[in-house]
Amino acid sequence: MYFRFRVKPGMTQVNMGKVIDGKAIAAGLYEEMQREVVELEQKYGRRPGLTVIIVGEDPASQVYVRNKEIAAKKVGFVSEVIRMPEQTTQEELLKVIARLNADPTVDGILVQLPVPKHIDKDAVIAAVAPEKDVDGFFGMKSGFTMKQGYVAPCTPRACIHLIKTTGETIEGRHALVVGRGELVGKPVATLLLNENATVTIAHSRTRNLGEIARTADIIIAAVGRPHIITGDMVKPGAILIDVGINRGADGKLCGDIDFASASEKAGWITPVPGGVGPMTIAMLMRNTLDCYLNRVR
Ligand code: NAP
């Protein structure tokens, strides 16, 4: 492989490969968006608006929603969180979504999942106006043609952004996606196809994962099992994007890729933590900004 070994802001060199620092790249995106929001408010007379709806008291969801609220305020959006009790009916929730769909000051609507069991998640997702669907579910359902006005889901979009920060081309490259989950694997494979990569999708029934992986210029691992990709499975110079979030045997957070051995072979690699994770909320903000731009322009 033919890598240009230059280190960009947010990247550090380890062994042979360079670390793609998602935290630093996300920080850069936030700064960029802050400036953009100030300019856009002057031009269009209002700031982008993001409304997050949370139904019930799920503690993890409460944390996610709080982090989204903090991020939205940080970039200067009009941020609203609608908290609804556990016993909220589907009809009541759909009514709130309909009101937000019709509100011209709301550019992005996100219903925090999971919703309580008595509510049909698919009906809720389908109720959000496609042009305000900052989670990118609509794009996914519609075969993901990236039609103007619809954004890509946040984590898959983050993966593509991280690859692009390396300066490497995606077009014509062999990209292996490990995992075919609805939230990451499938949509990221489609995004890679949209970038004209040659895409292989591996899953739990795949035979000879190592053999396939060794031919890949790009590997995106979205499995949820520690160290499923090891250095001996990596083509020298490959770009490795690790989406997995796992607890290792030592109790520490780790990804799907064995960082120690894989970084010896990789051209570029994302760490866990500090790789894809910090980028996901940044991409939610980018999605909101893009939905706003699609609506005001
Ligand atoms: P998921 O829907 O459960 O999908 C996991 C996929 O891994 C499935 O397609 C499964 O194959 C495949 N798989 C399981 N064992 C395998 C094996 N031995 N070899 C190859 N493939 C195997 O999970 P997900 O929601 O996509 O999440 C995947 C990981 O990403 C999790 O660790 C999650 O926490 C993390 N995640 C991180 C972020 C972030 O912001 N960083 C966001 C979302 C998710 P089958 O289809 O054959 O069962």
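1. Ligand shell. In this predicted model, the shell around the ligand holds 8 nonpolar, 10 polar and 2 charged residues. Around the ligand there are 20 residues, and those that come nearest are Arg-180, Ser-204, Gly-224, Ile-245 and Thr-280.

2. Polar contacts to the ligand. Three pairs deserve a look. From the side chain of Ser-204, an N or O atom sits 2.5 Å from a ligand oxygen. For the side chain of Arg-180, the corresponding distance from an N or O atom to an oxygen atom of the ligand is 2.7 Å. Ile-245 uses its backbone: an N or O atom there lies 3.1 Å from a ligand oxygen. How much of the ligand does the protein bury? Taken alone, the ligand exposes 930 Å², and the protein buries 70% of that.

3. Helix 2 against helix 10. Helix 2 covers residues 59-75 and helix 10 covers residues 277-296. Their axes come within 10 Å and cross at roughly 55 degrees. Helix 2 is therefore oblique to helix 10, since 55 degrees falls between the under-35 range for roughly parallel and the 65 to 115 range for roughly perpendicular. The crossing of these two helices is right-handed.

4. Helix 6 against helix 7. Here the pair is residues 154-165 (helix 6) and residues 185-194 (helix 7). The axes are 8 Å apart, and the helices pack at an angle of about 40 degrees. That angle makes helix 6 oblique to helix 7. What is the handedness of the crossing of helix 6 and helix 7? The crossing is right-handed.

5. Cis peptide bond at Pro-114. Leu-113 and Pro-114 are joined by a cis peptide bond, with omega at about 0 degrees. Pro-114 belongs to the loop that runs between strand 5 (108-111) and helix 4 (121-127).

6. Cis peptide bond at Pro-273. Val-272 and Pro-273 are also linked by a cis peptide bond. Omega is about 0 degrees for this bond. Where does Pro-273 lie? Pro-273 is in the loop between strand 12 (268-269) and helix 10. Helix 10 is the partner of helix 2 in point 3.

7. Positive phi at Asn-208. Asn-208 is not a glycine, yet its phi is positive, at about 55 degrees. The residue is found in the loop between strand 7 (198-202) and helix 8 (209-213).

8. Backdrop for points 5 to 7. Most peptide bonds are trans, and most residues other than glycine have a negative phi. The spots to inspect are the Leu-113 to Pro-114 bond, the Val-272 to Pro-273 bond and the phi of Asn-208.

Notes:
Residues numbered from 1 in each chain as written. Predicted model: local features only at pLDDT ≥ 70, side-chain atom pairs only at ≥ 80, totals over all residues. Heavy atoms only, no water. Near = heavy atom within 4 Å. Polar contact = N/O pair within 3.5 Å; in protein donor to acceptor, adjacent residues only side chain to side chain. Areas by Shrake-Rupley, 256 points an atom, 1.4 Å probe, with all protein chains shown as cover. Nonpolar A, V, L, I, M, F, W, Y, C, P; charged D, E, K, R; others polar. Axes fitted to C-alpha atoms, helices over the stretch in contact; angles between N-to-C directions. Helix = DSSP H or I, 4+ residues; strand = E, 2+ residues; numbered from the N terminus. Parallel < 35°, antiparallel > 145°, perpendicular 65-115°, else oblique. Left-handed = near helix turned anticlockwise from the far one by under 90°.
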